[in-house]
Amino acid sequence: MLDADPIPSVDRSALEHSYVIANGKGGVGKTTLASNMAGLVAADGGSVLLVDVNGQGNVGRDLGYRGSSIDDEGEAFADALRTGAPLKPVTGVRPGLDVIVGGQHVGAVPDMLAATYRMQQHRQALALAVCLAPVAARYDLVVIDSAPENPPLQHLALSAARWMVAPTRSDRASINDGLGSISRQFQLVRTAVNPDLRLLGVVLFGSGSASKQIHRNARQWVAEELGADAYLFDTIVRYSEAVGQDARSHGRLVHELEVAAASNPKFWDLRSGRANAGSIVSATSASVAEDLATLAREILTRAAEQDAV
């Protein structure tokens with residue numbers, strides 16, 4: 001439980017455009033949604049910061065910098081969380097898109113914070129908010145990718161956000177276990193640390209676009225878990241294993257794959273050896289890119305509408 005230690009001063013107005021993508025279960029599309037939402041807004045002219053609060057560092061796979069000179073596996077990020085210094089983003093990972101790099105050092109952050117701020121659990125939970133607020137105002141949008149099955153890291157991410165978006169698979173186990181778990185962490189952080197935090201919505205991710213009965217079942221289960229189905233976004237991100245594999249293997253976002261697919265080699269170039277089959281990108285990327293773009297617009301529109309109320 002979070003205790004009643006004094007809460008450090010955090011400029012919440014600087015974090016009003018921060019979105020955490022969260023679920024208590026892995027493999028439900030969190031990092032894919034975080035990376036692509038950030039990349040789409042940046043490609044549309046926005047100034048975006050993407051924060052990788054995950055020991056796996058999979059944002060680096062999505063953006064293609066994993067193992068490069070900028071990939072310190074979260075060492076600088078972890079050091080800022082320890083000292084309370086403002087974050088120092090890696091700039092220009094894409095035009096308009098800066099990144100706080102995650103990785104194995106972030107996985108060790110909960111133990112490090114527990115040792116640094118002994119018996120100060122509020123301070124531990126607010127470590128990211130304290131470091132992020134001084135730089136967040138530079139950006140139109142801040143997107144935070146959170147870790148699954150790791151409540152201390154989830155507390156860090158939730159404590160620094162204004163809005164939570166929860167992607168989920170459409171099966172009952174994902175909804176009951178993953179969504180149920182993160183909703184409990186959400187309530188804990190909102191009550192004890194971050195009263196500005198709001199659940200913006202739930203996204204059905206990686207589902208067949210024509211699976212109407214499956215979607216009806218999922219809507220019912222979400223309503224049972226959260227008490228209402230109004231949280232579900234209309235946009236459903238369809239399933240494509242090929243697109244997921246291509247994105248990670250090429251280090252490209254889905255809308256970038258869509259562009260690359262238009263330049264796929266011709267069949268006769270493959271037969272003649274003038275092109276490599278490994279360069280082929282799934283044509284399904286166009287439909288998945290459309291889903292992600294529609295979802296990003298729906299997320300931002302819903303947030304603006306709720307802020308206006």
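Which hand does the crossing of α8 and α9 have, left or right? The crossing is right-handed. The model shown in these views is predicted.

**View 1. Helices α8 and α9 pack at an angle of about 55°.** Helix α8 covers residues 151–159, and helix α9 covers residues 172–192. Their axes lie 10 Å apart. The two helices are therefore oblique to each other, since an angle of about 55° falls outside the ranges that count as roughly parallel (under 35 degrees), roughly perpendicular (65 to 115) or roughly antiparallel (over 145). From α8, the contact takes in P151, Q154, H155, L158 and S159. Facing them in α9 are I182, Q185, F186, L188 and V189. Six of the contact residues are nonpolar and four are polar. No charged residue takes part.

**View 2. Helices α3 and α5 pack at an angle of about 25°.** Helix α3 spans residues 75–83 and helix α5 spans residues 109–116. The axes are 10 Å apart. The angle makes α3 roughly parallel to α5, because angles under 35 degrees count as such. This crossing is right-handed. On the α3 side, A78, L81 and R82 make the contact. On the α5 side, V109, M112, L113 and T116 do so. By class, the contact holds five nonpolar residues, one polar and one charged.

**View 3. Helix α3 also packs with helix α7, at an angle of about 105°.** Helix α7 runs through residues 127–136. Here the axes are 8 Å apart. The angle makes α3 roughly perpendicular to α7, because the range for that class is 65 to 115 degrees. F77, A80 and L81 represent α3 in this contact. A127, L128 and C131 meet them from α7. The contact has six nonpolar residues, with no polar and no charged ones. L81 of α3 thus appears in two views: it touches α7 here, and it belongs to the contact with α5 in View 2.

**View 4. The largest pocket holds about 550 Å³ of space.** Its lining consists of 31 residues. Nearest the centre of the pocket lie G29, T32, R169, F205 and R248. Four elements each supply at least two lining residues: α1 (30–43), β7 (198–207), β8 (237–238) and α11 (241–250). Helix α11 gives the largest share, six residues. Sorted by class, the lining has 10 nonpolar, 13 polar and eight charged residues.

Notes: Residues numbered from 1 in each chain as written. Predicted model: local features only at pLDDT ≥ 70, side-chain atom pairs only at ≥ 80, totals over all residues. Heavy atoms only, no water. 1 Å grid on protein atoms, 1.4 Å probe; cavity = no way out; pocket = protein on both sides within 12 Å on 5 of 7 lines; lining within 4 Å. Points joined across faces, edges and corners; volume = space filled by probe spheres on them. Nonpolar A, V, L, I, M, F, W, Y, C, P; charged D, E, K, R; others polar. Axes fitted to C-alpha atoms, helices over the stretch in contact; angles between N-to-C directions. Left-handed = near helix turned anticlockwise from the far one by under 90°. Contact = heavy atoms within 4.5 Å.
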